[in-house]
Amino acid sequence: MGRVPNVTRADAVAAVRNPLAFIAEHWTPTRRTVQRAALYPLVMSVVIVVTGGAVRLTGSGLGCPTWPKCTDDSLTATGAMGFHGAIEFGNRMLTYVLCAAVGWAIIAARSEKPYRRSLTRLGWAQFWLVMSNAVLGGIVVLVGLNPYTVAAHFLAATALLAVAAVMWQRAREGDGEPRPLVGKPVQQLVWFLVVASTLLIAVGTVVTGAGPHAGDSSEVERMPLDWETIAKLHAVLAWIVVTLTFALWFILKAVDAPKNPLDRTRDLFLVLLGQGVIGYVQYFTDLPEALVGLHMFGSCLVWIAVLRVLLALRERPETAIDLPGPAAEVTVGTRA
C-alpha cells in the first residue's frame with residue numbers, strides 16, 4: 001500500500017475554493033471513464049421519466065400533497081400515507097440519484113486532459129435543467145396536477161434527454177471541426193425529421209393532458225379538448241415521422257452514405273415500429289396503465305434515436321495537440 005500524500009493547508013483551501021479544479025489537478029480519468037460518466041445521466045433521465053409515468057399511472061401524483069416537504073409536518077412519506085405516498089416520495093428521491101449522475105459527469109468532463117470546455121458546459125446544462133425541472137415538479141404538485149404544468153414537466157424532461165444524449169455522443173468523439181458525411185439535402189431532411197419528432201412528442205403530452213390518466217384518484221382538471229381527435233393527430237404525426245425515416249434510409253442507401261448514418265437510421269426505424277405497435281394496442285384496449293408506461297419509455301427511445309441520427313450526419317476528429325519537438329541538433333563546424 002502506497003504512502004498517502006500529506007494534505008497541506010494550501011491544498012485544503014484550494015479544494016474549498018474550487019473543488020472541481022482541485023480534483024482535475026489531482027486526477028485524470030481515462031477516455032472510457034468519461035464516456036461512461038456521460039452515459040449515466042442519459043440512463044437516469046430515462047429512468048426518471050418512466051418512474052414519473054408510474055407516479056401518474058398509479059394515481060400517486062398527490063401521494064405527497066405538498067412540496068418541497070412530503071406533508072406540512074414531514075419531509076418524508078409516512079406509513080399512514082400508504083402506497084401512493086411511497087411511490088411519489090420514491091420518485092422524488094430518484095432526482096437525487098440523477099443529480100449524482102450529472103455531478104459525476106461534470107467532474108469527469110472537467111478532469112479530462114486536455115480540458116474540453118464544451119463537454120463540461122453540456123454537463124452544467126444538464127444540472128440546471130434538473131434543478132429547474134425539480135422546481136417545476138413541485139409546482140405541478142402545488143397546483144393539483146394541472147395538465148398544462150404536467151405537460152411542461154415532461155417537455156423539460158425531454159430537453160434534459162436531448163442534452164444528455166448530445167453529451168454522451170460528444171464524449172465519444174473529438175473536438176475538431178465537424179465534417180459533414182452527407183449532403184445538404186439529406187441534412188435538411190433530417191432536420192424535418194427532428195421537427196416532426198418534436199411535434200409528435202408535444203402533441204403526445206396533449207393526448208396525456210386530455211386523457212383519462214389524470215395522475216390522482218380525485219377529480220383533476222383535464223385539457224378541454226376532444227381526446228379522440230388529439231390521439232388521431234398524434235397518430236398522423238407518428239406516420240409522418242415513420243415516412244421521413246424510411247425516406248431517409250432509402251436516400252442514404254441510394255447515395256452510398258457511410259455506415260454510421262445508415263445504422264442510426266435503421267435503429268430509429270425499428271424503435272418507431274415497436275412504439276407504433278404499442279401505441280395502437282393501447283389505443284384499442286382503452287389505455288391500460290402498463291402499456292401507457294411502456295409507451296412513455298418508447299417515447300424516450302424514439303427521441304434519443306432521432307438525435308443519434310442527427311449527430312451521425314457528421315464526424316468530429318480529435319484536435320491536433322501541439323507537442324514540443326525534439327531539440328534541434330547543433331553540429332559544430334558545419335553550415336545548415
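Begin by selecting Arg 170 and Asp 175: these two residues form a salt bridge, with their closest N and O atoms 2.5 Å apart. The model on display is a predicted one, and every value in this tour is to be read in that light.

**The charged network**

Keep Arg 170 selected and add Glu 173. A salt bridge joins this pair as well, the closest N and O atoms being 3.4 Å apart. Are these partners buried or exposed? Arg 170 has a relative accessible area of 7% and is therefore buried, the limit being under 20%. Glu 173 is likewise buried, whereas Asp 175, at 26% relative accessibility, counts as partly exposed. Now extend the selection to Arg 31, Glu 112, Arg 116, Arg 314 and Glu 318; together with Arg 170, Glu 173 and Asp 175, these residues are joined into one network by salt bridges that share partners.

Within this network, centre the view on Arg 31 and Glu 318. Their side chains meet in a salt bridge, at 3.2 Å from N to O. This pair links distant parts of the chain: Arg 31 belongs to helix α3, Glu 318 to the segment after β2 (314-315), and 287 residues separate them. Arg 31 is partly exposed, at 29% relative accessibility, while Glu 318 is exposed, at 52%. The structure holds 13 salt bridges.

**A contact across the chain**

Next, select Leu 181, in the loop between β1 (179-180) and α7 (184-210). Add Leu 313: the C-alpha atoms of Leu 181 and Leu 313 are separated by 5.4 Å, although the two residues are 132 apart along the chain. Leu 181 is partly exposed, with a relative accessibility of 25%.

**The second largest pocket**

Proceed to Leu 42, Val 43, Val 46, Trp 168, Arg 264, Asp 267, Val 271, Leu 301, Ile 304, Ala 305 and Arg 308, which line the second largest pocket. The space within this pocket amounts to about 170 Å³. Which helices supply at least two residues each of the lining? They are α3 (31-57), α9 (259-284) and α10 (289-311). The largest share, four residues, comes from α10. Colouring the lining by class shows eight nonpolar and three charged residues, with no polar ones.

**A nonpolar patch on the surface**

Finally, switch to a surface representation and select Trp 67, Val 135, Ile 139, Leu 142 and Val 143. These residues make a nonpolar surface patch of about 410 Å². Of these, Leu 142 lies in helix α5, which covers residues 117-142.

Key: Residues numbered from 1 in each chain as written. Predicted model: local features only at pLDDT ≥ 70, side-chain atom pairs only at ≥ 80, totals over all residues. Heavy atoms only, no water. Patch = residues over 30% accessible without salt bridge, like charges linked within 9 Å, V, L, I, M, F, W, Y side chains within 5 Å. Areas by Shrake-Rupley, 256 points an atom, 1.4 Å probe, with all protein chains shown as cover. Salt bridge = Lys/Arg side-chain N within 4 Å of Asp/Glu carboxyl O. 1 Å grid on protein atoms, 1.4 Å probe; cavity = no way out; pocket = protein on both sides within 12 Å on 5 of 7 lines; lining within 4 Å. Points joined across faces, edges and corners; volume = space filled by probe spheres on them. Nonpolar A, V, L, I, M, F, W, Y, C, P; charged D, E, K, R; others polar. Buried < 20%, exposed > 50% of the residue type's maximum accessible area, 1.4 Å probe, protein only.
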